[in-house]
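User: Please take a close look at how the helices pack against one another in this model. I would like one connected account, with the surroundings included where they help.

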Amino acid sequence: MNESALRRALLAIAVLGLAVGIGVWQTGFGSIQAGPIWTVATLPVVVTLAISILRDFWIGRFGVDAIALVSMSAALLFDQPLAAVVVAIMYAGGTVLEDFARGRAERNLKALTDRSPRVAHRKSAQGTDTISVDQVAIGDELLVRAGELLPVDGILLDALASLDESAVTGEPLTERRRAGDMLRSGTLNAGESFTMRASALAEQSTYAAIVRMVAAAQTAKAPFIRMADRFALFLLPATLLVAGTAWYVSGDPIRALAVLVVATPCPLILAAPVAFIGGVSRAARAGILMKGSAALEALAQVRTAIFDKTGTLTVGGAELIEIDAAPGHDANTLLQLLASLEQASHHVLADSIIRVARGRNLVLSHPYNVREYRGAGLKGRVDKVSMAAGSRALVLVDKPLPRWAESGEKRYRGEPVLRVFVALDGRLAGIFTFGDALRVDARGALSNLRSAGIRRMVMLTGDDSVAAKRVSALLALDTIVADAMPAEKVAAVEAEQALAPTMMVGDGINDAPALAAATVGVAMGARGASASSEAADVIVLTDRLQPVADAVRIAQRTRTIALQSIIAGLALSAVAMAAAAMGQITPVAGALLQEGIDIAVILNALRALGDGRPERA
């Protein structure tokens, strides 16, 4: 019999004993007395609890369950079997309630494990074989059918795929992926069948990492929870002191028993772990992985946030910032022509240009007579138009810059951007500016972090100071540290950490030492597993910055709820103990009152599963 079933059995025995005893007492059935029946119903709970306490004490643990054992034993000793059986019911009921609360808090986490990919369809010369996901090797070509989970991380081979990534990232909308894009295990094929090439083994893939972190979150204890455990060491002697004083002053041992009964907050100390598991579960639903309750608690207390620049505050690639079109030319038409020409290029910008054009639903044409000038650009024809695209030297040669383009040239002079000049039939028609653009949600995310109590924000980057200052000016950061090597990043984090609990947010391999050095390391892990994800305490699975602010808010709310549960429960128990010491509460009434307190604080702890935001009308 497992522990959960044993707890339910003990509760059933105690309830049955109470009911039978009350029936005998009311009917006066023969010579049978109710007292022995209640005693017999209490003893299994007493024996089981005594064994549990001895086992815990042997391994160095001690909890408030000892008060329940003392109160039941004292009730039997003072010939108060009714009070004893009621305490037994309250204790056994509390443990069953604990199982229910913990099970509910873990339900979302367990759902992740239950939907782990089980099989894969491997393609070969002979056809397609269905194999266990553990048999997939790196480089295998896999078929993913409509409605199936992606078995491992990999690279899309087909032109297009539609994926439901909500279980992994929390994003509700279907994502469209194109050939060459990275795909993650555990996401759902929401479109037609497609093929992919495995880039990681099952146990090394994204979804397996999620399951491992969830398992760690269920077992790890936060410092706050360990503090609550240690508090139990002081609660027992304090309770015995109050009970003994009440007995000594009044001369009534029943008052001492009533004090012991109302001081039996067995599930009370369990409210904190229930709240923290609920918080970890809530974060997981939002695409935020917390590596245990300790990470969540530490995140709730951070007051300084340090951000890497490239890939964290910015998108981390050459993105289109602006299109300057000559008078008489349309920006989208120029983009359609440039993307069409770039289809023949191997330059790093080509994919970015084509992606932007397709994102605007522009139809690309087939280029011809294309000639590529390495490091300078392209020349060719698209839709019967002669084109040149690339550097100013290639496109304009010695011609002066037209007046319409002068303002843009001044605006980006000295900035870390790449400008692509486009000429149509020998005349400059437009200039495309590419750079490491700010994330769309960066301003909002940092504003939300300020609202959450983050007092200081720092940019820590290996880029030059010019690029760093440009981004900092857009975000109103408190300070920047530029041209920083990994060792210098660690030193900067340690300096900030000496002043206040610090969160470091980064995404690159070179950020890993700084993430490990911070009070809490937060990795932007949307682009796959990396050293930064391994070093971090918190991993954001979406390619956005807002979840970092969400993670802080969830952590703060969870810790507040846990603290509320502990303080409110202990305060109510203290009031009840005082009333019992003054003879205002009987042992039976005290047991019922204490159970009500326990239920209230555990239900309060379960609020950590929710969002905490007011419902919209």
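Analyst: What follows goes through three helix contacts, then the nonpolar cores, and then a few single residues.

The model is a predicted one. Its protein chain contains 22 helices and 22 strands. Of the 617 residues in the chain, 49% are buried. Contacts over long stretches of sequence are well represented: among those between residues at least 6 apart in sequence, 67% join residues at least 24 apart.

Two packed helices are described by the angle between their axes and the distance between the axes. Helix α3, residues 65-77, is a convenient place to begin.

α3 packs with helix α8 (residues 253-262) at an angle of about 150 degrees, and the two axes are 8 Å apart. An angle over 145 degrees counts as roughly antiparallel, and α3 and α8 are therefore roughly antiparallel to each other. Their crossing is left-handed. On the α3 side the contact involves Ile67, Val70, Ser71, Ala74 and Ala75, while α8 supplies Leu257, Leu260 and Val261. By class, the residues of this contact are 7 nonpolar, 1 polar and no charged.

α3 also packs with helix α2, which spans residues 34-58; here the axes come within 10 Å and cross at roughly 145 degrees. This crossing, too, is left-handed. From α2, the residues in contact are Thr39, Thr42, Leu43, Val45, Val46, Leu49, Ala50 and Ile53. From α3, they are Asp65, Ala66, Ala68, Leu69, Met72, Ser73 and Leu76. The contact of α2 with α3 divides into 11 nonpolar, 3 polar and 1 charged residues.

α8 in turn packs with helix α22 (residues 587-605), at an angle of about 10 degrees and with the axes 8 Å apart. That angle makes α8 roughly parallel to α22. Ile254, Leu257, Ala258, Val261 and Val262 of α8 form the contact with Pro587, Gly590, Ala591 and Gln594 of α22. Its residues are 7 nonpolar, 2 polar and no charged. Leu257 and Val261 of α8 take part in this contact, and Leu257 and Val261 are also listed in the contact with α3.

Next come the nonpolar cores. In soluble globular proteins, nonpolar side chains tend to be buried together. The largest nonpolar core here has 54 residues, and the members that touch the most others are Met290, Leu299, Leu313, Leu449, Met503 and Val548. Helix α21 (residues 546-581) provides the largest share of this core, with 9 residues. Leaving out residues up to four places away in sequence, Leu449 touches Phe307, Ile454, Met457, Met503, Val548, Ala549 and Val552. Apart from this core lies another, of 47 residues, which includes Val87, Leu257, Val259 and Ala580. Leu257 thus links the helix contacts to this second core: Leu257 of α8 meets α3, and Leu257 is a member of the 47-residue core.

Two buried glutamines can be placed in the same way. Gln546 is in helix α21 and is buried, with a relative accessible area of 15%. Apart from neighbours within four places in sequence, Gln546 is in contact with Asp441, Gly444, Ala445 and Asn448. Its C-alpha atom is separated by 9.8 Å from that of Val440, a residue 106 residues apart from Gln546 along the chain.

Gln336 lies in helix α12, residues 331-342, and counts as buried at 13% relative accessibility. With neighbours within four places in sequence left aside, Gln336 is in contact with Leu362, Val363, Leu364, Ser365 and Asp383. The C-alpha atoms of Gln336 and Ile353 are separated by 9.3 Å, and the two residues are 17 residues apart along the chain.

Finally, two loop residues have positive phi values. Asn361 sits in the loop between α13 (348-359) and β13 (368-373). Asn361 is not a glycine, yet its phi is near 60 degrees. With 67% relative accessibility, Asn361 counts as exposed. Lys384 is in the loop between β14 (377-382) and β15 (385-390). Its phi is also positive, about 70 degrees, although Lys384 is not a glycine. At 70% relative accessibility, Lys384 counts as exposed, whereas Gln336 at 13% counts as buried.

Definitions and conventions: Residues numbered from 1 in each chain as written. Predicted model: local features only at pLDDT ≥ 70, side-chain atom pairs only at ≥ 80, totals over all residues. Heavy atoms only, no water. Helix = DSSP H or I, 4+ residues; strand = E, 2+ residues; numbered from the N terminus. Buried < 20%, exposed > 50% of the residue type's maximum accessible area, 1.4 Å probe, protein only. Axes fitted to C-alpha atoms, helices over the stretch in contact; angles between N-to-C directions. Parallel < 35°, antiparallel > 145°, perpendicular 65-115°, else oblique. Left-handed = near helix turned anticlockwise from the far one by under 90°. Contact = heavy atoms within 4.5 Å. Nonpolar A, V, L, I, M, F, W, Y, C, P; charged D, E, K, R; others polar. Core = buried A, V, L, I, M, F, W, Y, C linked by side-chain atoms within 4.5 Å.
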